[in-house]
Amino acid sequence: MQSLIIRQENQADYEAVYDINKLAFQREEEAQLVDKLRNSGAFIPELSLVALLDGQPAGYILFTAVQLDNVAAQHIKVIGLAPVAVLPSEQNKGIGGALIRKGLEIATQLGYEAAIVLGHENYYPVFGFEPAEKWGVKLSIDVPSPNFMALELKPGALRNAAGIARYAPEFGII
Ligand SMILES: CC(C)(COP(=O)(O)OP(=O)(O)OC[C@H]1O[C@@H](n2cnc3c(N)ncnc32)[C@H](O)[C@@H]1OP(=O)(O)O)[C@@H](O)C(=O)NCCC(=O)NCCS
């Protein structure tokens, strides 16, 4: 039985985290994005998490602060999940799911009220995500509706949230 520990990332993990993102996405964009996001105002250190499998970094997840542009919704504390990555050799062992669940749990403890994610419509609903369309929450770019999802961490948090959700500028989504 392998041991899985999820903990906050620290500086000594940066290189391993870069490699996890690079290998998982098979390109360097996401790895470079994480390097940029660490210096962003949207960065939340407690939500930059590393998964250690038998003591070795094998997975990574980051949630960053998101702004809702609806004036009535600007106070709602929202986070965006991106990226989540697991080393190809360690995928399908539940590490990605464990990172997502742990991250959402910590975010709830920190007082975040909702999370959004742009991703595969078959993966994220397992964690409670539903199409963000349900609350009228959109991105400024056109994406297929089922791929942009949201989850209320505090029941009812997104009731009056209709409008555009803005990720940190580092994401390059204007
Ligand atoms: C997505 C990812 C983080 C999942 O990590 P993981 O540790 O393999 O996930 P888990 O073991 O918890 O869950 C595996 C399940 O997710 C499904 N799954 C994995 N990646 C998926 C994807 N991109 N789309 C849809 N389903 C996916 C698997 O089919 C499996 O489903 P099953 O349990 O019904 O068989 C990992 O596959 C990865 O790093 N992918 C490359 C990077 C990426 O696409 N990240 C997400 C976008 S930000």
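Here is a short tour of this predicted model, from the whole chain down to one arginine.

**Start with everything on screen.** Show the protein as a cartoon and you'll be looking at 3 helices and 9 strands. Follow the chain along its sequence and the order reads β-α-α-β-β-β-α-β-β-β-β-β. Now switch to the C-alpha atoms: along the principal axes they fill a box of roughly 45 × 30 × 30 Å. The radius of gyration is 15 Å, which agrees with the value near 16 Å for a compact globule, because the protein has 174 residues.

**Next, turn on the surface.** About 8,800 Å² is exposed, and carbon and sulfur atoms supply 52% of that. Buried residues make up 47% of the 174. Try colouring by charge, too: there are 14 positive and 20 negative charges, and their mean positions lie 5 Å apart.

**Look at the contacts.** Of those with a separation of 6 or more, 69% are between residues 24 or more positions apart.

**Now select Arg38.** To find Arg38, go to the loop between helix H2 (29–37) and strand S2 (43–53). Is Arg38 buried or exposed? Its relative accessibility is 12%, and buried means under 20%, so Arg38 counts as buried.

**Add the partners of Arg38.** Show the side chain of Glu9, and you'll find a polar contact of 2.6 Å with the side chain of Arg38. Then add Asp35, whose side chain is joined to that of Arg38 by a polar contact of 2.7 Å. Finish by selecting Tyr14, Val17 and Phe43: they are among the residues Arg38 touches, leaving aside those up to four places away in sequence.

How values were computed
Residues are numbered from 1 along each chain as its sequence is written. This is a predicted model: local features need pLDDT of at least 70, side-chain atom pairs count only at pLDDT 80 or more; totals for chains, interfaces and linings use all residues. Side-chain values use heavy atoms; hydrogens and water are left out. Helices (H or I, at least four residues) and strands (E, at least two) are DSSP runs, numbered from the N terminus. Buried means under 20% relative accessible area, exposed over 50%, partly exposed in between (1.4 Å probe, protein chains only). A polar contact is a pair of N or O atoms within 3.5 Å; within protein, one must be able to donate a hydrogen and the other to accept it, and residues adjacent in sequence count only if both atoms are side-chain atoms. Contact means heavy atoms within 4.5 Å. The radius of gyration is taken over C-alpha atoms; the globule rule is 2.2 Å times the number of residues to the power 0.38. Accessible areas come from the Shrake-Rupley method with a 1.4 Å probe; for residues, only the protein chains shown count as cover. Lys and Arg count as positive and Asp and Glu as negative; His and the chain ends are not counted. The place of a charge is taken as NZ of Lys, CZ of Arg, CG of Asp or CD of Glu.
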